[in-house]
Amino acid sequence: MKKRKAIITGITGQDGSYLAEFLLAKGYHVYGMVRRSSTETFDRIQHLITDVDLVQADLLDQLSLINMIKKIRPAEVYNLASQSFVPTSFEQPVLTGEFTAMGVTRMLEAVKLVDRKIRFYQASSSEMFGLAPHSPQNLKTPFHPRSPYGVAKVYGHWITVNYRESYDLFAVSGILFNHESPRRGKEFVTRKITHAVARIKLGLDKNLRLGNLDAKRDWGFAGDYVEAMWRMLQMKTPRDLVVATGKTYTVREFAKRAFRAAGLNWEKHVVVDPRLYRPAEVHTLCGDPAEAFRVLRWKPSVTFERLVDMMVAADIRLVERQQ
Ligand code: NAP
Ligand code: G4F
């Protein structure tokens, strides 16, 4: 029997690697879009390298996207590629717009041109809510992004909605709240903390410099969230959904739990560095996942406590191996 084909853009990222594993387990033929760079960034998918097909294309290059879709003729496209780090978006706002906003239009155009039956998932973000007027946030909450990244994601969200409404594409926007894992990039606060905890535990460092400890996030496990992405493309009717846990914690609480998991006292090691504050901060995010729970029959399986403990344990093993 012919396998169902899926393209994942951003397969080398945190979510891309978990989604590839998930789709392979479901029997899909998985194609991963990778961009050319002088050094390969395949660490997260090294264990899958013989199971997936990698194709070279770039969100900045319209023709490469059209050719990729023409060649593969997938049933599903998961558009996860983007410049995803908020502080970088303040430093490189134009490039962030090109990748994270216009890149979505280029992907949608490629799908529209080649085959309008292809199902399209857009990786939207809770950063779009930004300075939210109420909590928890759901589809009725107005967007008020606080960074060039958030602004670019708002564009990506609405262009996805627009192509659905204009051209009858099965195009959906998953508004996902923060999701983490041992594969999270080390620049994001959760992984920055758990990696530092491991180094401090093993005597390699003494301190960890952090910015705003009062920021609150709704943190889930990335492995759970990629299943929600897939479920969104299996719906009968395309629609957008908020995917979250519905619980929120401060950066301070994350740090406290992470240091405790390694038998350390966070207050002895964390140093607040105002240089890490953002020009405009998103103070509190908490998602309302009720619709996703109902429509997708999906629920997160990993609690905040288990997530932190899992990340600390993984980083201790990693740092020990590197010794
Ligand atoms: P990530 O680890 O930063 O991965 C980003 C991916 O995008 C990488 O594979 C990267 O490839 C690729 N990429 C960047 N620019 C590209 C370009 N010009 N052409 C082709 N590929 C490009 O991000 P993630 O955490 O997995 O998140 C996946 C998606 O969900 C992102 O769009 C992110 O904005 C969104 N999102 C994430 C969260 C979260 O909490 N993780 C929440 C909401 C939404 P390289 O390896 O070549 O750099
Ligand atoms: O871990 P963060 O960098 O993630 P942020 O900005 O919430 O964005 C992530 O989640 C979004 C979903 O809401 C995604 F769309 C996006 O792609 C990305 O995956 O920062 C979380 C919070 C912020 O309020 C930040 O100010 O932690 C605070 N923070 C405090 N100290 C820090 C630090 N963040 C980082 N990265 N580094 C610090 O030292």
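## A walk from the whole chain to S64

Start with the full protein chain on screen: 54% of its 323 residues count as buried. Keep in mind as you look around that this is a predicted model.

**Select the whole chain as a cartoon.** You should find 10 helices and 13 strands. Align the view with the principal axes, and the C-alpha atoms fill a box of roughly 60 × 45 × 40 Å. How does the radius of gyration agree with that of a compact globule? A compact globule of 323 residues would come out near 20 Å, and the protein chain has 19 Å, so the two agree.

**Switch on contacts.** Among those with a separation of 6 or more, 78% come from residues 24 or more positions apart.

**Now show the surface.** The accessible area is about 15,000 Å², and carbon and sulfur atoms account for 50% of it. Colour by charge next: there are 48 positive and 34 negative side chains. The centres of these two sets lie 3 Å apart.

**Zoom in on helix α2.** Select residues 62-72 to bring up this helix, then pick out S64 within it. Is S64 buried or exposed? Its relative accessibility is 16%, and because buried means under 20%, S64 counts as buried.

**Show the S64 side chain as sticks.** Two polar partners are worth displaying here. The side chain of S64 reaches the backbone oxygen of D61 at 2.7 Å. A polar atom of the S64 side chain also lies 3.2 Å from the backbone nitrogen of D58.

**Finish with the neighbours of S64.** Leaving aside residues up to four places away in sequence, select A57 and D58, which S64 touches.

Terms used. Residues are numbered from 1 along each chain as its sequence is written. Chains are lettered from A and ligands numbered from 1 in the order in which they are written. This is a predicted model: local features need pLDDT of at least 70, side-chain atom pairs count only at pLDDT 80 or more; totals for chains, interfaces and linings use all residues. Side-chain values use heavy atoms; hydrogens and water are left out. Helices (H or I, at least four residues) and strands (E, at least two) are DSSP runs, numbered from the N terminus. The radius of gyration is taken over C-alpha atoms; the globule rule is 2.2 Å times the number of residues to the power 0.38. Buried means under 20% relative accessible area, exposed over 50%, partly exposed in between (1.4 Å probe, protein chains only). Contact means heavy atoms within 4.5 Å. Accessible areas come from the Shrake-Rupley method with a 1.4 Å probe; for residues, only the protein chains shown count as cover. Lys and Arg count as positive and Asp and Glu as negative; His and the chain ends are not counted. The place of a charge is taken as NZ of Lys, CZ of Arg, CG of Asp or CD of Glu. A polar contact is a pair of N or O atoms within 3.5 Å; within protein, one must be able to donate a hydrogen and the other to accept it, and residues adjacent in sequence count only if both atoms are side-chain atoms.
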